[in-house]
Amino acid sequence: MINPPFDPQPLPLPEMAKTPIRNAMSVDVEDYFQVQALVSAYDRSNWEGEELRVARNTERLLDLFAQYDVKATFFTLGWIAERAPGTIQRIAAEGHELAAHGYEHTRVFEQDAAAFRADVKRTKAILEDLGGVPVKGYRAATFSMREDVLWAYEVLAEEGYKYSSSVYPIAHDLYGLDEAPRFAFRPYPGCGIVEYPMTTLRKLGRTWPGGGGGYFRIFPYAFSKYAIRQLNRNEAQPYMFYCHPWEIDADQPRPVGVPFKSRLRHYTNLSRMEAKIERLLRDFKWGRVDECFVGASTPAFGEAAQ
Ligand SMILES: [Zn+2]
């Protein structure tokens, strides 16, 4: 496929009137042995031999969301869905959004267009069969959308997806597309997919991580609370929060030989994470990705447009 040039088309800002703003709660459903930072310790060929812990950790998050009556979006690996079908059914049955995270956490730029198409098609079919709901959203493994793989958006549109949430617009050693707009955009004119990036903050003339994911777990809660408040009040934008089931699992196996930086990223504050997420649920209003953002209520989103 021809790769289109990156020519981002920002979507209009949401109206200030919608307060309090509903922020997006998202979970990337994968297990501890599938994380990019631990790739040196867990070879893909040995995944079958690892203890699957994702089902019970995801169920703990589902219990927590139920307690606060929060609906979230679960970007789920096809590989996990095949091995934890009951959990996937529960996600859909409790009114959460079921979305795709690819089949087995392969980064977009490691695939050609044909392999990428097969992956997103297969994952969508597995999730839709189990959940009995349409799958519209996609999140690339390790935010791996890059300028040289923008054809992937076209493939997603052709395979029936409506949006992507695959970009972290900061300079980072693992992530791509750091020049992207901070809020909802189409990656080029006429593209059938809207991209909802991870939240960043503008301070001191620079773009900073907005306090989701590992940043949320590692830094004090007050930092994320401040970031969400600033964003909602000053920029009238919903916050995109994301976390992983393994982040609330302090007892997960710890393999030897993991580099220091990866250990720091993966294991810091696991035991405090669940209580921190609970504070977020108490302090702010949350919803599914397909219901929070401008553009999410356009006719293209069909039944989610309410
Ligand atoms: Zn992931």
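**Loops, a helix pair and a hairpin in a predicted model**

Asp 69 sits in the loop that links helix H1 (54-67) with strand S3 (73-76). The model is predicted. The phi of Asp 69 is near 55 degrees, which is a positive value in a residue other than glycine. Most residues other than glycine have a negative phi. Asp 69 counts as exposed because it has 9 C-beta neighbours inside 10 Å, and the limit for that class is 12 or fewer.

A second loop residue with a positive phi is Ala 236, again near 55 degrees. Ala 236 is found in the loop between helix H7 (221-234) and strand S11 (240-243). Is this residue buried, exposed or partly exposed? Ala 236 has 16 C-beta neighbours inside 10 Å and therefore counts as partly exposed.

The hairpin of strands S9 and S10 also holds a residue of this kind. Strand S9 (residues 200-203) and strand S10 (residues 206-209) run antiparallel and are joined by four bridges. One of the pairings is that of Arg 202 with Thr 207 in S10. Two residues lie between the strands of this hairpin, and Leu 204 takes a positive phi near 55 degrees there.

Thr 207 leads on to Pro 169, since the two residues are in contact. Pro 169 belongs to the loop between strand S6 (163-164) and strand S7 (185-186). Its 25 C-beta neighbours inside 10 Å are why Pro 169 counts as buried; the class begins at 20. Leaving aside neighbours within four places in sequence, the contacts of Pro 169 include Leu 177, Asp 178, Ala 180, Pro 181 and Arg 182. Pro 197 and Thr 200 are also in contact with Pro 169. For Pro 197, which is 28 residues away from Pro 169 along the chain, the C-alpha separation is 7.0 Å.

The remaining part to consider is a helix pair. Helix H4 (residues 113-131) packs with helix H5 (residues 151-158) at an angle of about 40 degrees, and the axes are 10 Å apart. That angle makes H4 oblique to H5, because angles under 35 degrees would count as roughly parallel. The crossing of the two helices is right-handed. Which residues meet where H4 and H5 pack? From H4 come Ala 113, Phe 116, Arg 117 and Val 120, and from H5 come Trp 151, Ala 152, Val 155 and Leu 156. Seven residues of this contact are nonpolar, one is charged and none is polar.

Technical notes
Residues numbered from 1 in each chain as written. Predicted model: local features only at pLDDT ≥ 70, side-chain atom pairs only at ≥ 80, totals over all residues. Axes fitted to C-alpha atoms, helices over the stretch in contact; angles between N-to-C directions. Parallel < 35°, antiparallel > 145°, perpendicular 65-115°, else oblique. Left-handed = near helix turned anticlockwise from the far one by under 90°. Contact = placed C-beta atoms within 7 Å. Nonpolar A, V, L, I, M, F, W, Y, C, P; charged D, E, K, R; others polar. Pairing = 2+ DSSP bridges.
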